[in-house]
Structure formats: structure tokens, C-alpha cells
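Student: Please take me slowly through one part of this model, the pairs of charged side chains. I would like to see where the partners sit, and then how their surroundings are put together.

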Amino acid sequence: MPEKHKTLPMKRILSLLIILIAIVTFAACSKDESGKSTTPGTPGQGGSLARFTIAWNYLYIVDDQKLYAYSLANPQAPQLKSTVNLGFDIETIYSFKDKLFIGSQNAMYIYSLTNPASPAQLGTASHVRACDPVVANDSIAYVTVRMGSTCGGNQNALLIYDVKNVLNPVQRNATPLTNPHGLGLKDNRLYVCDGDNGLFVYDVTDPVYPQYIKQLKGETFYDVIIADDLLVCMIDGGTALFQLGAGDEITLMAKITN
Amino acid sequence: MPKPYLPLLFSGLLFSFLLSCKPYDEPVMRPPASIEGYAPIYGSNNNAKTIKSAAPRNIEKGGKIYVKNDTLYQVETGKGIHVISIASPDVPQKLRFIEVMGCHEMAIIDNYLYTNNMNDLVVVDIRNINDVVEIDRIQNTFHIVDQNRPPGTGWFECVDPSKGDVIGWEMKTLSYPQCSH
């Protein structure tokens with residue numbers, strides 16, 4: 001009822017207002033302060049097959065053997081701060097919060113970004129020889145392994161690692177697939193590109209036991225980026241755009257293949 | 001034969017053995033009639049280190065993808081980056097093509113594009129997508145493009161130097177490939 005407002009004493013409104021102003025001012029101040037040293041810009045989103053990723057105002061790059069950390073304190077002139085020897089046949093890099101997840105043809109490596117200038121090795125999980133991108137969150141890492149003439153290996157699967165103890169990732173589950181490539185994770189949904197077998201959608205509310213929801217067919221899927229409610233898929237010959245709707249409805253919006 | 005030539009001959013033999021495409025750590029296999037493997041992508045050396053914005057072109061070998069705001073970037077493996085507006089996802093619009101020889105990878109922060117020009121890291125100001133400007137380059141800083149062999153192991157199509165410079169590798173169905181590693 002509008003009459004209710006009249007009963008609020010002027011004093012109380014005033015003190016509330018003062019508190020509000022104080023909070024806003026404080027928030028603005030702290031924002032300014034944190035931005036003083038370097039003003040990190042906003043990076044875009046890459047796919048799971050990427051060798052470049054931006055995190056903590058650093059550009060991290062993996063080639064076949066090494067991890068490079070370039071400071072973007074001045075984004076116009078990156079400075080190489082450190083180089084880490086990883087091993088052989090490194091393929092992908094993925095960042096989540098203060099960690100890097102690196103996929104090679106026989107292992108997944110986890111590196112700490114506590115000191116972003118100099119990534120430090122945490123844990124390693126060895127697996128069968130295969131091509132293998134990674135996505136992860138605080139507790140789980142999803143890795144696809146694909147056999148093939150250029151990757152070796154004898155397994156096509158989604159491997160699920162418990163990474164709560166980052167020093168010792170433990171494989172908890174595996175789901176067979178046909179020809180898996182890149183994958184994407186958002187909230188409780190996992191999207192896995194299974195080559196010409198389509199795109200699989202899983203509910204990962206229970207992260208160790210993905211529940212199959214559906215399979216999108218008709219394209220050869222290689223990688224996926226979830227950009228808000230848009231699924232941007234690298235497909236054979238180009239890109240396909242899908243709209244994500246309620247109830248896991250996925251609608252093809254356009255294909256860009258010429 | 002005079003003695004000094006012997007070590008030379010021996011090291012020459014060893015060198016050619018090491019250079020040979022045949023695997024030396026596994027039994028020599030006959031090349032398969034048909035197999036998935038890497039083939040070189042060739043390019044001319046004319047625009048080796050020139051980065052510029054060009055008219056949109058067809059996607060031939062669509063490579064890695066990247067999204068920033070309402071723009072999709074797709075690498076044209078070895079050649080550059082397609083810049084595509086996805087502001088209306090049902091009618092994506094190709095805006096430009098950024099020519100970058102040997103390009104495989106990219107990332108963007110604000111208006112700065114980081115990509116590999118062969119094995120150089122380059123920073124490109126993309127504020128004006130019609131006129132992008134290279135603003136920094138770290139030469140030969142990593143090993144992303146190998147001109148002699150593809151990533152991974154297995155059979156691959158041998159490099160034919162008469163066709164130009166190798167600017168990348170693509171997966172193909174190969175018929176009787178003669179090289180492997």
C-alpha cells in the first residue's frame with residue numbers, strides 16, 4: 001500500500017541513503033585501485049582445440065613441446081616472461097580460474113597460475129596415446145581421446161577425471177564415443193564433438209556420470225564454443241551456429257561454409 | 001679410398017638415414033592404399049610477413065574458431081582469419097579477411113589480435129577492421145608451423161618444395177603416402 005511509505009521515518013531513509021552512497025563509493029574506489037597496476041582487458045572465447053589462451057592478463061601459448069607465458073601488461077607489446085618444457089606432442093591449452101589444463105598425446109597436465117608469470121606444474125594424468133583436448137572446472141576435467149593415424153591410440157572416449165586434488169588427478173569414468181574432437185562445458189551441460197557422428201549433449205549435474213540428453217546429427221563436428229545462448233561449432237568446411245533454447249532445444253541458425 | 005673420406009662418408013650415410021622419412025624405430029611398413037593423414041598446405045612467399053585486411057573470401061579449409069562480442073573469427077589454416085559478424089546469428093555477415101601467412105592460432109583482448117605468422121607472434125590492432133595494423137612482432141618465438149613434418153605421428157604426404165613454402169598442414173585422405181614419422 002502506498003500509505004506505508006509515509007510511516008517510514010525520514011531519518012531512516014536518510015541513513016539508508018548514506019549507507020548506499022558509502023557502498024557505491026567504496027566499490028568504485030576498490031575497482032579503481034585494482035585497476036591501477038595493469039588494466040586487464042576483456043578477452044574473447046576460444047575453442048578447446050586452441051593453442052592460445054588469455055588468462056590473468058597473460059597470453060599462454062603451447063607449441064608441440066613448450067608452454068610460453070607472455071605478459072599483456074602492455075597489450076600492444078607482449079613480453080615473454082617464462083618458458084616451460086612440457087614434453088612431446090602437446091596439442092591444446094585451456095584455462096579455468098587460476099589453472100591451466102594442457103592436453104598432449106599421452107597426458108593431461110595441470111599448471112597453477114598462482115604466479116601468472118611462471119606457471120608451476122601441479123598434477124599429471126597419463127592416458128592412452130591419442131589426440132586429446134580438455135575442458136575443466138574446479139572439480140572435474142573432461143578429456144576426449146581419439147585414435148587415428150596421426151594420433152595413435154586405440155580408444156575413442158570421453159574420460160572423466162576428478163581434479164579436486166590437483167596434484168593427483170584420478171580417472172573416475174569413461175564414456176565410449178566414435179570419433180571425438182573438441183568439447184565445451186557450460187554450467188551443467190557438456191557438449192562433445194564426435195566428428196561425423198554428430199554433437200553429443202550431456203547433463204553433467206552429477207559431473208562424474210554424464211547423462212546423455214541428445215545427439216545433433218548432420219554435420220561433422222570438430223569443436224564448439226558456447227557464447228551465451230549460441231553454440232558456435234567448427235564443422236567440416238566452416239562454422240555452424242545453433243541457438244540454445246529452453247529444454248535443451250538446439251536450433252540451427254546458419255551455416256558458414258563458403 | 002683415402003682415409004679422411006671414410007668418416008665423411010659414414011656421417012653422410014647416417015645423416016641421410018636420419019633424414020629419410022621411413023620410421024626407424026618401428027618395422028618398416030608398406031604405405032597403405034588409403035589412410036587419413038596430414039598433407040602440406042603450400043603458399044607463396046610474397047606476403048610472408050605482411051598482415052593486412054582484405055575483402056571477405058570463401059572458407060576453404062576452415063580452421064580454429066574464436067568468438068569476441070558479436071564477431072566470429074575462423075582461421076583459414078595457413079592463410080589468415082575470416083572475420084564474420086554474428087550479431088544476427090540467422091544471417092551471419094562476412095566482414096573482412098585478415099591475411100596472415102602460416103596462421104593457425106589466435107586470441108583477442110580488447111582490440112588487439114594475437115596470432116601466429118608462421119613462427120612469429122604478431123599483435124594486430126583490429127580497431128578498424130577495414131585497415132588492421134601490425135603493431136608488434138616477436139620473431140621466431142615458438143614452433144607452431146614445422147615446414148618439414150606435420151604435428152603428430154603417422155603417415156603424411158611428403159613435402160614437394162617445387163610447390164612453394166609449407167604454411168601449414170591439413171588432414172586428408174592420403175593414397176599410398178610415402179612419408180611417415
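**Charged pairs and their surroundings**

Tutor: Let us begin with A:R172, a residue that is partly exposed, with a relative accessible area of 41%. A:D162 has a relative accessibility of 15%, and it counts as buried because that value is under the 20% limit. These two residues form a salt bridge, in which the closest N and O atoms are 3.3 Å apart. The pair links distant parts of the chain, for A:D162 belongs to strand β12 (residues 157-162) of chain A and A:R172 to strand β13 (residues 170-176) of chain A, 10 residues apart. Please keep in mind throughout that this is a predicted model.

A search of the whole structure, over all chains, finds 15 salt bridges, and a second one in chain A joins A:K99 to A:D98, with 3.2 Å between the closest N and O atoms. The acidic partner, A:D98, has a relative accessible area of 31% and is therefore classed as partly exposed.

In chain B, the side chains of B:R137 and B:D120 meet in a salt bridge of 2.7 Å from N to O. Because B:R137 lies in strand β10 (residues 133-138) of chain B while B:D120 lies in strand β9 (residues 120-125) of chain B, the pair ties together parts that are 17 residues apart in sequence. B:D120 is buried, with a relative accessible area of 3%, and B:R137 is buried as well, at 18%. The two also belong to a wider arrangement, since a network of salt bridges links B:K49, B:D120, B:E134 and B:R137.

Next, consider where the two chains touch. Between chain A and chain B the rule finds 0 salt bridges across the interface, but there are 16 residue pairs in polar contact, both residues being at pLDDT 80 or more. On the side of chain A that touches chain B, the elements giving two or more residues are β1 (45-46), β2 (52-55), β3 (58-62), β4 (66-71), β18, β19, β20 (238-244) and β21 of chain A. The contact takes 48 residues from chain A and 46 residues from chain B, and the area buried between the chains is about 3,700 Å², of which carbon and sulfur atoms give 64%.

Some of those elements of chain A can be followed into a sheet. There, 4 strands form an open sheet in the order β18-β19-β20-β21, with antiparallel pairing. Two strands of chain A, β18 (221-227) and β21 (250-256), stand at the edges with a single partner strand each, so one side of each has no neighbour in the sheet. On average, and with direction ignored, neighbouring strands of this sheet are turned by 25° against each other. β18(A) pairs with strand β19 (residues 230-235) of chain A in the antiparallel sense over 6 bridges, and A:D223 stands opposite A:M234 in β19(A).

The loop between β18 and β19 of chain A holds A:D228, a residue with a positive phi of about 55° although it is not a glycine. A:D228 counts as exposed because its relative accessibility is 64%. In chain B, B:D110 is likewise not a glycine and has a positive phi of about 50°. B:D110 is found in the loop between β7 (106-109) and β8 of chain B, and with a relative accessible area of 34% it is partly exposed.

From that loop we can move into β8 (residues 112-117) of chain B, the strand in which B:N116 lies. B:N116 has 0% relative accessibility and so counts as buried. A polar atom of the side chain of B:N116 lies 2.8 Å from the backbone nitrogen of B:H104, and the side chain of B:N116 also reaches the backbone nitrogen of B:E105, at 3.0 Å. Leaving aside neighbours within four places in sequence, B:N116 is in contact with several residues, among them B:H104 and B:E105 as well as B:F142, B:I144 and B:V145 of chain B, and also A:F52 of chain A.

Conventions: Residues numbered from 1 in each chain as written. Chains lettered and ligands numbered in written order. Predicted model: local features only at pLDDT ≥ 70, side-chain atom pairs only at ≥ 80, totals over all residues. Heavy atoms only, no water. Buried < 20%, exposed > 50% of the residue type's maximum accessible area, 1.4 Å probe, protein only. Polar contact = N/O pair within 3.5 Å; in protein donor to acceptor, adjacent residues only side chain to side chain. Contact = heavy atoms within 4.5 Å. Pairing = 2+ DSSP bridges. Axes fitted to C-alpha atoms, helices over the stretch in contact; angles between N-to-C directions. Salt bridge = Lys/Arg side-chain N within 4 Å of Asp/Glu carboxyl O. Buried area = accessible area lost by both parts, 1.4 Å probe.
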